[in-house]
Amino acid sequence: MTQSLPRHIAVIDIGKTNAKVVLIDAASEALLGSLSRPNSVRRDAPYPHADVEGLWDFILSSLGELHREHGVDGISITTHGATAALMAGDRLALPVLDYEYDGTQASDEAYDRARPGFTETLSPRLPNGLNLGAQIFWQSRAFPEDFAKVTAILTYPQYWAWRLTGILASEVTSLGCHTDLWSPDKGDFSSMVDAQGWRAFFPPIKPAASVLGPLLNNLAEYTGLPADTPVTCGIHDSNASLVPHLGRHEAPFTILSTGTWAIAMTVGGDTANLDQSRDSLANVDAFGRPVPTARFMGGREFDTIVGKIVTPSEAEIAAVIERDVQALPTFAPGVGPFANGKGRWTMAPEGLTDGERTAAASLYLALVARECLDLCGLGKSITIEGPLARNAVFGAALATLADRPVHASGDGTGTSLGASLLFGGQPAHEQHDSPIAPLAHPGFAEYARRWRERAKA
């Protein structure tokens, strides 16, 4: 007997900056409830790590609250990438390492000899722990006694799925996001996984869009949810943003998923222009297919550049363009298409109004995003997901720079709807919104040309 589609789906969405549990009505796509907390990093020994117990308490209390208010019929999971849990039986062998920790660089030289080439993994060498393989490699050498107790390695969505169901699984969207652990063209683990003797640690691979199992009985009792509440295997967050669009647009098409990271993914695109020195790579979608991807830390940079975020007036946008006020890359060193650049301004930002500074930052993000599109491929259409979908200056500037229809998604989180669709539903509403009107200022083309010259100098 086929299981009916859950009506009210709770999505556990753990981003790098914030963790959320939201409740989505599968039939209408309505957001019925949303609870959030900062995803704070613990700084106690042995290294900066995820506060998994704090997150766990938050997840369980949120599930209980949403169930009491609306009823929860299913649970889906999506998290940021570059994170894994090293398990020793039913506990952690080591804390869940924060990928921004720079201590992993101690084993860089040895790791660079061990990691596979870009042609095998389509995974560039990234700083700190952004290559998950580099984290595991460092942990195995820095903590050999603890690592000797490892029985399983779980990518992050599947760690939470295990805590909810007791079932161990691996999944390709998290294995395939710049980890060095996966070979997208082969659809199998990379040669390094075998060379390091890690293959046996990875549980069987299950589809993201599959029910891993029901909620554990003790958790059902604790939260009040039914004991047969189904839980999905889970998915990497930027790949969750792709799910509502797969099969719904003419390929190639580009989804720009935004949050702490701005990640441009061109479905049906060519991997030939990927440049490992410019933070472009192949992600792996929910069906296991390589998706050319380019990215930068858009949300992090925006917060760094802008003091007080305000909606700029037309006059403030014009003043920024006419006075050649430019932010130049990069304000998140080591990542993005200008990873080696030093963030700077063409004039002191302290003299700008809040609106001018917000406008300049928005134009900056659009210009960097356009560089990303040269790497991952320019789709026939572009859809912006997440917070930047609400930034009118960014959208208009990108529409001008890309010369393609650019749409703003109505899904505010960018990932929750896609994660809810892992139960097999279809988006209830086709997007019929009009494309964003391009930025009409006559001086913008020349402004963009000067920016590119400076950025590449």
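Colleague: How many helices and strands does the protein chain have?
Modeller: This is a predicted model. Its protein chain has 16 helices and 22 strands.

Colleague: What makes strand 17 and strand 18 a pair?
Modeller: Pairing needs at least two bridges. Strand 17 and strand 18 (residues 290-296) share five bridges, in the antiparallel sense. Therefore they count as a pair. Within it, A282 stands opposite P292 of strand 18.

Colleague: Which sheet holds strand 17?
Modeller: An open sheet of six strands, in the order 17-18-16-15-21-22, with mixed pairing.

Colleague: Why are strand 17 and strand 22 said to stand at the edges?
Modeller: Strand 17 (280-284) and strand 22 (406-408) each have a single partner strand, so one side of each has no neighbour in the sheet. On average, neighbouring strands of this sheet are turned by 25° against each other, direction ignored.

Colleague: What packs on the sheet?
Modeller: Helix 14 (residues 392-402). It touches strand 15 (253-258), strand 21 (382-385) and strand 22. The direction of helix 14 makes about 155° with that of strand 21.

Colleague: How do you know that the radius of gyration agrees with a compact globule?
Modeller: With 457 residues, a compact globule would have a radius near 23 Å. The protein chain has 22 Å, so the value agrees. Its C-alpha atoms fill a box of roughly 65 × 50 × 40 Å along the principal axes.

Colleague: What share of the residues counts as buried?
Modeller: Buried means under 20% relative accessible area. Of the 457 residues, 60% count as buried.

Methods:
Residues numbered from 1 in each chain as written. Predicted model: local features only at pLDDT ≥ 70, side-chain atom pairs only at ≥ 80, totals over all residues. Heavy atoms only, no water. Helix = DSSP H or I, 4+ residues; strand = E, 2+ residues; numbered from the N terminus. Axes fitted to C-alpha atoms, helices over the stretch in contact; angles between N-to-C directions. Contact = heavy atoms within 4.5 Å. Rg over C-alpha atoms; globule rule 2.2 N^0.38 Å. Buried < 20%, exposed > 50% of the residue type's maximum accessible area, 1.4 Å probe, protein only.
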